[in-house]
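Welcome! Below are a few short exercises, each followed by a worked solution. Have a look at the structure first, then try each task before reading on.

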Amino acid sequence: MIVRDLNTENKTTRRVVSNGWESVRLLLKSDEMGFSFHITTIYAGADLPMHYKNHLECVYCVSGTGSIEDVATGDVHPIHPGVMYALDKHDQHILRADTEMVMACVFNPPVTGREVHQDDGSYALEGEPV
Ligand code: 9YT
């Protein structure tokens, strides 16, 4: 069994800070669960184009408000506590935070640790340049 506490893990290298967001990666590839699990904070006002070409991602909004735009269709979906989105087609998207948002995120395949977005909005797969 693996038990971890966000309140202590956020003081370790599991906490990654990037442009407009930070994330504590509570489960990583090395935990051998087949997915990674992150608690991500999106900063208020952030406008984040993303495209996880190499990963599937599911996100659940714990707190805060914002929106997600599906770049392929132009559809904009409001985000508030209780909303989940799943990027089941590696959907290119733009995440916008009206207030600070806390999101619980799952990645398949799991991220390995320190990934931040490449210029194309993706995370590299292990072994690829970051
Ligand atoms: C909400 C969202 O897009 N989360 C992405 C994951 C997070 N940036 C992380 O842990 O890499």
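A polar contact is a pair of N or O atoms within 3.5 Å; within protein, one must be able to donate a hydrogen and the other to accept it, and residues adjacent in sequence count only if both atoms are side-chain atoms. This is a predicted model, where local features need pLDDT of at least 70 and side-chain atom pairs count only at pLDDT 80 or more, while totals for chains, interfaces and linings use all residues. Residues are numbered from 1 along each chain as its sequence is written, and side-chain values use heavy atoms, with hydrogens and water left out.

**Exercise 1.** Find the polar partners of the ligand.

Solution. Start with His-38: an N or O atom of its side chain is 2.6 Å from an oxygen atom of the ligand. Next, take Arg-25, which has a polar side-chain atom 2.4 Å from a ligand oxygen. Finally, a nitrogen atom of the ligand lies 3.2 Å from an N or O atom in the side chain of Glu-57. The protein covers 99% of the 320 Å² of accessible area that the ligand has on its own (Shrake-Rupley method, 1.4 Å probe).

**Exercise 2.** Describe the shell around the ligand.

Solution. First count: 13 residues surround the ligand (a heavy atom within 4 Å), and Ser-23, Arg-25, His-38, Glu-57 and Tyr-123 are the closest. Then sort by class: eight are nonpolar, three polar and two charged. Here Ala, Val, Leu, Ile, Met, Phe, Trp, Tyr, Cys and Pro count as nonpolar, Asp, Glu, Lys and Arg as charged, and the others, Gly among them, as polar. Last, locate them: strand 2 (21-27), strand 3 (36-42) and strand 10 (101-108) each supply at least two shell residues, and strand 2 gives the largest share, three.

**Exercise 3.** Outline the fold of the protein chain.

Solution. Count one helix and ten strands (DSSP runs numbered from the N terminus: H or I of at least four residues, E of at least two). Along the sequence, the pattern is α-β-β-β-β-β-β-β-β-β-β. The radius of gyration, over C-alpha atoms, is 14 Å, close to the 14 Å from the globule rule (2.2 Å times the number of residues to the power 0.38) for 130 residues, so the chain is as compact as a globular protein of that length.

**Exercise 4.** Spot two backbone features.

Solution. Look in the loop between strand 2 and strand 3 for Glu-32; its phi is positive, about 60 degrees, although Glu-32 is not a glycine. Then move to the segment after strand 10, where Pro-109 is found: the peptide bond from Asn-108 to Pro-109 is cis, with omega near -5 degrees.
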